[in-house]
Amino acid sequence: MRVFKHTNITLREVGDMLRVKLQDELKFQKHNATGRLSRGLKYNVVKRGISILNVTSSVAYWKAVNNPAFASGYKQKDLL
């Protein structure tokens, strides 16, 4: 199996740029009240035959921000 060292380095750089830009966008949209959502943004490069960049959030209500239909089954206090 080939290891694409430069590709993985570039994916990490892109992941960092995406995280920073998403944090900037949250701040611009004034969705940064406690900063928890912004601090919860993470990225990693998964290397299993192919390299995949995952950008995730450890905060459950990110799914509700992204897709309001997701929140329909939850109470607001459970998402915050």
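**Reasoning through the assignments**

Modeller: Thr34 sits in the loop between helix 1 and helix 2 (36-39), and, like everything we discuss here, this placement comes from a predicted model.

Colleague: Why is Thr34 called exposed?

Modeller: Its relative accessible area is 59%, and exposed means over 50%, so Thr34 is placed in that class. The side chain of Thr34 also reaches the backbone nitrogen of Arg36, at 3.2 Å.

Colleague: What makes that a polar contact, given the distance of 3.2 Å between the side chain of Thr34 and the backbone nitrogen of Arg36?

Modeller: The cut-off for a pair of N or O atoms is 3.5 Å, and the pair formed by Thr34 and Arg36 is at 3.2 Å, so the distance satisfies the rule.

Colleague: Which residue in the loop between helix 1 and helix 2 has a positive phi?

Modeller: Lys30 is found in that loop, just after helix 1, and takes a positive phi of about 60 degrees; the value is positive in a residue other than glycine. Lys30 counts as exposed because its relative accessibility is 72%, set against a threshold of over 50%.

Colleague: How do you know that the length of helix 1 agrees with its number of residues?

Modeller: Helix 1 has 24 residues, which at 1.5 Å a residue should span 34 Å, and its end C-alpha atoms are 35 Å apart, so the two values agree. The expected span is taken as 1.5 Å times one less than the number of residues.

Colleague: Why is Gln23 counted as buried?

Modeller: Gln23, which lies in helix 1, has a relative accessibility of 17%, and because buried means under 20%, the residue falls within that class. The buried residues of helix 1 are Asn8, Leu11, Gly15, Gln23 and Leu26. Leaving aside neighbours within four places in sequence, Gln23 is in contact with Ser38 and Leu41.

Colleague: Is Ser38, found in helix 2, buried or exposed?

Modeller: Ser38 is buried, because its relative accessible area is 10% and the class requires under 20%. Not counting residues up to four places away in sequence, Ser38 touches Gln23, Leu26 and Asn32, and of these Gln23 and Leu26 appear among the buried residues of helix 1.

Colleague: What makes Asp16 and Arg19 a salt bridge?

Modeller: The closest N and O atoms of Asp16 and Arg19 are 2.4 Å apart, and a salt bridge calls for a side-chain nitrogen of Lys or Arg within 4 Å of a carboxyl oxygen of Asp or Glu, so the pair qualifies. By this rule the count comes to 1 salt bridge. Asp16 and Arg19 both lie in helix 1, 3 residues apart, about one turn of the helix.

Colleague: Why are Asp16 and Arg19 called partly exposed?

Modeller: Asp16 has a relative accessibility of 29% and Arg19 one of 23%; because buried means under 20% and exposed over 50%, with partly exposed in between, each of these values belongs to the intermediate class.

Colleague: Which residues make the nonpolar surface patch?

Modeller: Val14, Met17, Leu18 and Val55 make a nonpolar patch of about 300 Å², to which helix 1 (residues 5-28) gives the most, with 3 residues. Met17, which is found in helix 1, is exposed because its relative accessible area is 52%, against a limit of over 50%; that value also meets the patch requirement of over 30%.

Colleague: How do you know that Ser51 and Asn8 are joined by a polar contact?

Modeller: Their side chains are joined at 2.5 Å, and since the limit is 3.5 Å, the distance lies within it. Ser51 is in strand 2 (residues 50-57), and it counts as partly exposed because its relative accessibility is 27%. Apart from neighbours within four places in sequence, Ser51 is in contact with Asn8, Leu11, Val45 and Val46. The C-alpha atoms of Ser51 and Leu11 are 8.3 Å apart in space, although the two residues are 40 residues apart in sequence.

Colleague: What pattern does the protein chain follow along the sequence?

Modeller: The pattern is α-α-β-β-α-α, made up of 4 helices and 2 strands. Of the 80 residues of the chain, 21% count as buried.

How values were computed. Residues numbered from 1 in each chain as written. Predicted model: local features only at pLDDT ≥ 70, side-chain atom pairs only at ≥ 80, totals over all residues. Heavy atoms only, no water. Patch = residues over 30% accessible without salt bridge, like charges linked within 9 Å, V, L, I, M, F, W, Y side chains within 5 Å. Areas by Shrake-Rupley, 256 points an atom, 1.4 Å probe, with all protein chains shown as cover. Buried < 20%, exposed > 50% of the residue type's maximum accessible area, 1.4 Å probe, protein only. Contact = heavy atoms within 4.5 Å. Polar contact = N/O pair within 3.5 Å; in protein donor to acceptor, adjacent residues only side chain to side chain.
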